[in-house]
Amino acid sequence: MYGIEIDEQYKCCNRVHNTADMVIEAGGVKIGGGSFCMIAGPCSVESEEQIVGIAKAVKAAGAGLLRGGAFKPRTSPYDFSGLKAEGLRLLSIAKKETGLPIVSEIMSSADLELFEDVDILQVGARNMQNFELLAQLGKINKPVLLKRGLGNTLNELLMSAEHIMSKGNSQVILCERGIRTFCEHTRNTLDLSAVPLLKELSCLPVIVDPSHATGISRLVPPMALAAAAAGADGLMIEVHNDPQHALSDGPQALTPEQYADLAEKIRKVRAVL
Ligand code: PEP
Ligand code: MN
């Protein structure tokens, strides 16, 4: 065996030989290495009016990137599964109108060419171990936001990052979004200790999604503040102009006003740190 031998199987992002934080750039926004990234937007893109309106509101509140699902993995095949290509087209309009780079989930590498204007490709929790998708994303030159699977360990998450990085694409952002536990009070259980641990084990930026972690909008602000205090490199938060009528994940969505209020508190927590 030549070169350095490393016990852990993940090598590309291992802290052992990457002491400096990795800084990833998406559409002019820096993620990691001390800059805090605020990603916000609806679970699903629903209409031009909806996505452009939310984009303007979250930008005014200080968000640096816009999220919006166009391809939606749903537990039930009868639920709204996204506007697909049309959703991505509407996201592009919102990007043009606000200048915010966009983040959207890709479920299949067959759709890659539709994502040309998308700045960060999101791999959802359900696809964290879709190794074929990870391999394809390893061959492109674009940041990937890799969400932790609901039943996956940190080692498995880092190995999934390795699947992407070992193919040549080192631009991976890790996202803790809650795991499945016996606790029934929340949609998932936010594993906040994952943040300092992942940052200890790897050089990759680590962000937190308190929306899917809790599933309950009133729990999003306290968990978001806790994540910032725990050293997260950013937050991805679902925001909807009319949560009660949202086509997906309404119960966990903040209104633009609630988001603006939270963003202000996040700035205060960051200032204390
Ligand atoms: C999402 O971000 O809309 C989403 C589906 O998240 P997750 O894959 O974490 O469930
Ligand atoms: Mn969602």
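## Exercises on a ligand shell

The shell around ligand 1 holds two nonpolar, three polar and seven charged residues. The model is predicted.

**Exercise 1.** Find which residues surround ligand 1, and sort them by class.

*Solution.* List the shell: C43, R67, K72, E105, Q122, G124, A125, R126, K147, R177, H212 and E238. Next, apply the classes. Cys and Ala count as nonpolar, and the shell has two nonpolar residues. Asp, Glu, Lys and Arg count as charged, and seven residues fall there. The other three are polar.

**Exercise 2.** Locate polar contacts of ligand 1, using a cut-off of 3.5 Å between N or O atoms.

*Solution.* Start with Q122. An N or O atom of its side chain lies 2.9 Å from a ligand 1 oxygen. Move to A125. Here a polar backbone atom is 2.7 Å from an oxygen of ligand 1. Then take R126. An N or O atom in its side chain is 2.9 Å from a ligand oxygen.

**Exercise 3.** How much of ligand 1 does the protein bury, and where does the ligand sit?

*Solution.* Taken alone, ligand 1 exposes 290 Å². The protein buries 97% of that area. The site is the largest pocket.

**Exercise 4.** Describe the chain's secondary structure and explain why it counts as compact.

*Solution.* Count the elements: eight helices and ten strands. The radius of gyration is 17 Å, close to the 19 Å that the globule rule gives for 273 residues, so the chain is as compact as a globular protein of that length.

Conventions:
Residues are numbered from 1 along each chain as its sequence is written. Chains are lettered from A and ligands numbered from 1 in the order in which they are written. This is a predicted model: local features need pLDDT of at least 70, side-chain atom pairs count only at pLDDT 80 or more; totals for chains, interfaces and linings use all residues. Side-chain values use heavy atoms; hydrogens and water are left out. A residue is near a molecule or strand if one of its heavy atoms lies within 4 Å of it. A polar contact is a pair of N or O atoms within 3.5 Å; within protein, one must be able to donate a hydrogen and the other to accept it, and residues adjacent in sequence count only if both atoms are side-chain atoms. Accessible areas come from the Shrake-Rupley method with a 1.4 Å probe; for residues, only the protein chains shown count as cover. On a 1 Å grid over the protein atoms alone, a cavity is a set of points where a 1.4 Å probe fits but cannot get out, and a pocket is an open set with protein on both sides within 12 Å along at least five of seven lines; lining residues have an atom within 4 Å of a point. A molecule sits in a cavity or pocket if more than half of its atoms lie within 2 Å of its grid points. Helices (H or I, at least four residues) and strands (E, at least two) are DSSP runs, numbered from the N terminus. The radius of gyration is taken over C-alpha atoms; the globule rule is 2.2 Å times the number of residues to the power 0.38.
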